[in-house]
2 protein chains.
Amino acid sequence: MTRIMTSRRHVIADDLRRQISTGHLKAGERLPSEAQLATRYTVSTPTLRGALALLQGEGLVEKIHGSGNYVRRPLRRITYVGGSGTSPAPPLRATIRTTHLEAHGDLPALLNVPPLSPLTEFLCVSQDGKAPHSMARIYVPRELAPAGCTSPEQLRARLAGDRPPLSEIQERLGARLPTQEESTALRISASMPVLSLTRVATDITGRVVEAALIVLPGDRADALFTTRLMANEGTPTE
Amino acid sequence: MTRIMTSRRHVIADDLRRQISTGHLKAGERLPSEAQLATRYTVSTPTLRGALALLQGEGLVEKIHGSGNYVRRPLRRITYVGGSGTSPAPPLRATIRTTHLEAHGDLPALLNVPPLSPLTEFLCVSQDGKAPHSMARIYVPRELAPAGCTSPEQLRARLAGDRPPLSEIQERLGARLPTQEESTALRISASMPVLSLTRVATDITGRVVEAALIVLPGDRADALFTTRLMANEGTPTE
DNA sequence: CAGTGGTCTAGACCACGAA
DNA sequence: TCGTGGTCTAGACCACTGT
């Protein structure tokens with residue numbers, strides 16, 4: 001149908017894509033300046049920038065203002081494993097910032113606490129080498145987060161003791177474009193989708209122990225859920 | 001930081017967004033032509049189109065080539081419920097096309113069958129009123145899909161009888177931009193992310209009974225997974 | 001400072017949709 | 001056919017990065 005959609009930027013993008021995939025342009029390498037490329041392809045700069053925007057949207061090229069366009073290094077994929085109540089990827093370094101705040105916005109409903117009740121937030125940015133790989137905000141009722149807890153792992157370990165055990169983990173996933181903050185933190189273009197994950201953990205008393213808002217870059221992350229069915233599946237009557 | 005990013009298209013987009021949210025521009029209504037809007041805001045057409053592209057990316061505006069820009073109707077959200085082995089949304093009408101083909105590409109690995117083995121594909125596009133809401137390709141080994149089965153539900157019902165019961169459902173989710181086919185079928189812009197879901201159902205003999213590739217539009221769909229934990233959670237020694 | 005990308009202009013021409 | 005959006009040009013000027 002609309003298959004002959006061969007605008008100039010697509011032709012140029014195809015050519016650059018080929019040069020990248022054949023190793024003619026190597027990972028990390030800087031591309032010629034946009035002006036040079038525009039001359040080479042005999043197009044105007046907006047057209048050439050359109051071609052680069054396509055590649056940027058595919059995660060093949062990273063633009064750095066004032067510096068140039070760079071071929072992105074191939075990225076290790078990460079898989080978020082659902083249902084376990086643990087954060088994205090164990091073997092990654094993470095930068096954690098702890099903040100005390102009061103429940104506002106969606107948080108009271110998420111955590112099932114009154115508005116303005118005290119919470120502790122852990123802002124975690126996990127790294128894989130130099131590249132950021134995920135960003136998470138973890139919220140915990142403050143009384144469950146003893147002072148001195150600087151990471152959710154510490155917290156979980158400390159809570160494992162005399163607290164009622166967890167009973168349910170609910171995870172909601174969506175796809176959207178990143179906020180400006182997210183695209184900066186994850187070093188992705190504003191047009192790269194992110195997998196947005198909201199995880200709520202409830203203990204057997206029905207109390208919400210933790211809510212996590214996790215953002216994973218769409219070009220190198222996915223989420224995996226495995227459900228084992230018991231031998232009682234007769235008619236799944238909704 | 002880069003908070004003073006007030007380019008013209010952002011100013012224009014903000015103004016149009018406000019007009020939409022205040023009802024000054026009503027849902028379904030056609031916006032003035034791009035030329036008129038460009039004159040009104042005293043910008044060039046590429047700049048105005050940049051503003052519309054922002055709104056389009058947010059799902060507020062739908063462009064129809066040759067016809068105009070329209071305010072999108074507010075959309076009913078749909079939630080895919082994971083772990084149940086059923087397709088997106090029961091109360092929606094679906095258009096189904098059945099095709100016979102041979103396993104190729106990723107399908108042999110997904111279904112754990114030899115390449116070129118016969119499969120049946122169900123292409124399901126579910127509708128909510130006039131708006132498409134999801135798109136799914138469901139693959140079944142052909143010997144499990146008796147002729148006359150024209151829908152996965154029929155199929156499931158027919159298989160419920162003497163077949164070994166299901167034992168595991170694995171669901172992998174990612175966020176990405178739609179293919180051209182998907183953006184057309186789902187009537188979303190090419191820059192609107194989709195939630196991509198791959199579901200594989202295995203029976204207790206280890207045989208893959210069904211693989212489904214499901215695409216949900218990011219602006220009106222999410223996926224929900226609920227995990228009930230048994231009382232054996234000691235130390236998650238991962 | 002020089003070089004880079006970011007934004008914008010004021011047109012032009014083409015492709016599509018509806019009457 | 002005519003009005004719509006889609007693409008493109010050949011510049012201009014601003015903002016950022018690195019030396």
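Me: In this predicted model, what makes β7 and β8 of chain A a strand pair?
Reply: Two strands pair if DSSP finds at least two bridges between them. Strand β7 (residues 166–176) of chain A and strand β8 (residues 194–203) of chain A have 10 bridges, so they count as paired. The sense is antiparallel. Within this pairing, A:Q170 lies opposite A:V200 of β8(A).

Me: How do you know that β7(A) also pairs with a strand of chain B?
Reply: The cut-off is at least two bridges, and β7(A) is joined by 6 bridges to strand β10 (residues 221–228) of chain B, so the two are a pair. They run antiparallel. A:L173 has B:A223 as its bridge partner in β10(B).

Me: Which strand of chain B pairs with β10(A), and what makes it a pair?
Reply: Strand β7 (residues 166–176) of chain B does, over 6 antiparallel bridges. As at least two are needed, the pairing holds. Here A:A223 stands opposite B:L173 in β7(B).

Me: What makes a residue part of the contact between chain A and chain B?
Reply: Two residues are in contact if their C-beta atoms, placed from the backbone, lie within 7 Å. The contact takes in 37 residues from chain A and 37 residues from chain B. On the chain A side, β7, β8 and β10 (221–228) each supply at least two residues, and β7(A) gives the most, 11 residues. By class, the side of chain A that touches chain B has 17 nonpolar, 12 polar and 8 charged residues.

Me: Why are A:L195 and A:L216 said to belong to a nonpolar core?
Reply: Membership requires a buried residue of a listed nonpolar kind, joined to others through C-beta atoms within 7 Å. A:L195, A:L216, B:L195 and B:L216 are in the largest such core, of 61 residues, and touch the most other members. A second, separate core has 12 residues, including A:I20, A:L52, A:L60 and A:V61. In soluble globular proteins, nonpolar side chains tend to be buried together.

Me: How do you know that a residue is near DNA strand D, and which come nearest?
Reply: The C-beta atom, placed from the backbone, must lie within 6 Å of the strand. There are 23 residues around DNA strand D, and A:S7, A:R8, A:T47, A:G66 and B:S33 come nearest. Elements giving two or more residues to this surface are α1 (8–21) and α3 (45–57) of chain A, with α2 (34–40), α3 (45–57) and β2 (68–71) of chain B. The largest share, 4 residues, is from α3(A). The surface near DNA strand D divides into 4 nonpolar, 14 polar and 5 charged residues.

Definitions and conventions
Residues numbered from 1 in each chain as written. Chains lettered and ligands numbered in written order. Predicted model: local features only at pLDDT ≥ 70, side-chain atom pairs only at ≥ 80, totals over all residues. Nonpolar A, V, L, I, M, F, W, Y, C, P; charged D, E, K, R; others polar. Buried ≥ 20, exposed ≤ 12 C-beta atoms within 10 Å, placed from the backbone.
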